[in-house]
Amino acid sequence: GLRRMFSIADFATPNTRMFSISAFAPPSPPTPPPKADPSPNLFVSGLSKRTTTDGLREAFAKFGEVEHARVVTDRVTGFSKGFGFVRYVSVEDAAKGIEGMDGKFLDGWVIFAEYARPRPPPQMGGATPQPQQSWGTPGSWGSQ
């Protein structure tokens with residue numbers, strides 16, 4: 001019975017393992033999202049809270065003609081959320097902008113510039129559907 005279940009002889013054999021190694025292996029790292037195709041639109045991350053849209057435009061204008069620049073800001077505080085977008089006139093200017101600004105300092109912070117990935121299409125239906133009420137229409141509440 002129990003003696004056989006907990007016998008030391010079962011654990012004494014050198015070729016057997018008490019635990020599976022795979023149970024303690026760390027999970028495999030997540031696969032990074034694919035790199036975006038070259039386009040005139042750049043995603044810029046690592047921005048300081050004090051970086052402004054004008055400051056972002058000026059920094060990237062050194063490498064080509066900037067069509068549009070925008071620092072994404074918090075609606076309440078007005079401070080930068082730490083990222084923004086820059087759109088150049090051409091893909092060639094965008095490549096120069098990445099080469100010139102990726103890993104460089106802007107307003108005391110190291111920033112990262114890469115091609116922006118396109119927005120995913122919106123989900124159909126938008127909001128989650130509300131459950132149907134089971135008590136009928138308001139006009140029928142008092143009648144039986």
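Begin by selecting F85, a residue that is partly exposed in this predicted model, with a relative accessible area of 33%. Keep F85 displayed and add F83, whose ring centre lies 6.2 Å from that of F85 while the two planes stand at 90 degrees, so the pair is edge-to-face. F83 is itself partly exposed, at a relative accessible area of 26%.

Next, extend the selection to the aromatic pairs of the whole structure, of which a search finds three. One of them joins F43 and F85 in a tilted arrangement, with 5.6 Å from centre to centre and 55 degrees between the planes. This pair connects distant parts of the chain, since F43 sits in strand 1 and F85 in strand 3, 42 residues apart. F43 has a relative accessibility of 23% and therefore counts as partly exposed, the cut-off for buried being under 20%. Shown together, F43, F83 and F85 make up one aromatic cluster.

From F85, move on to the largest pocket, whose lining includes F85 along with N41, H68, R70, V86 and R87, and also A116, R117, P118, R119 and P120. The space in this pocket comes to about 340 Å³. Colouring by element shows that strand 2 (66-73) and strand 3 (80-88) each supply at least two lining residues, and that strand 3 gives the largest share, three residues. Colouring by class instead separates the lining into five nonpolar, two polar and four charged residues.

Finally, colour the protein by pLDDT, which has a mean of 81, with 69% of residues at 70 or more. Among the elements, strand 1 (residues 41-45) has the highest mean, 97, and helix 2 (residues 9-12) the lowest, 52. Where pLDDT is low, the predicted coordinates should not be read in detail.

Definitions and conventions:
Residues numbered from 1 in each chain as written. Predicted model: local features only at pLDDT ≥ 70, side-chain atom pairs only at ≥ 80, totals over all residues. Heavy atoms only, no water. pLDDT = per-residue confidence, 0-100. Helix = DSSP H or I, 4+ residues; strand = E, 2+ residues; numbered from the N terminus. 1 Å grid on protein atoms, 1.4 Å probe; cavity = no way out; pocket = protein on both sides within 12 Å on 5 of 7 lines; lining within 4 Å. Points joined across faces, edges and corners; volume = space filled by probe spheres on them. Nonpolar A, V, L, I, M, F, W, Y, C, P; charged D, E, K, R; others polar. Phe/Tyr/Trp six-rings, centres within 6.5 Å; stacked < 30°, edge-to-face > 60°. Buried < 20%, exposed > 50% of the residue type's maximum accessible area, 1.4 Å probe, protein only.
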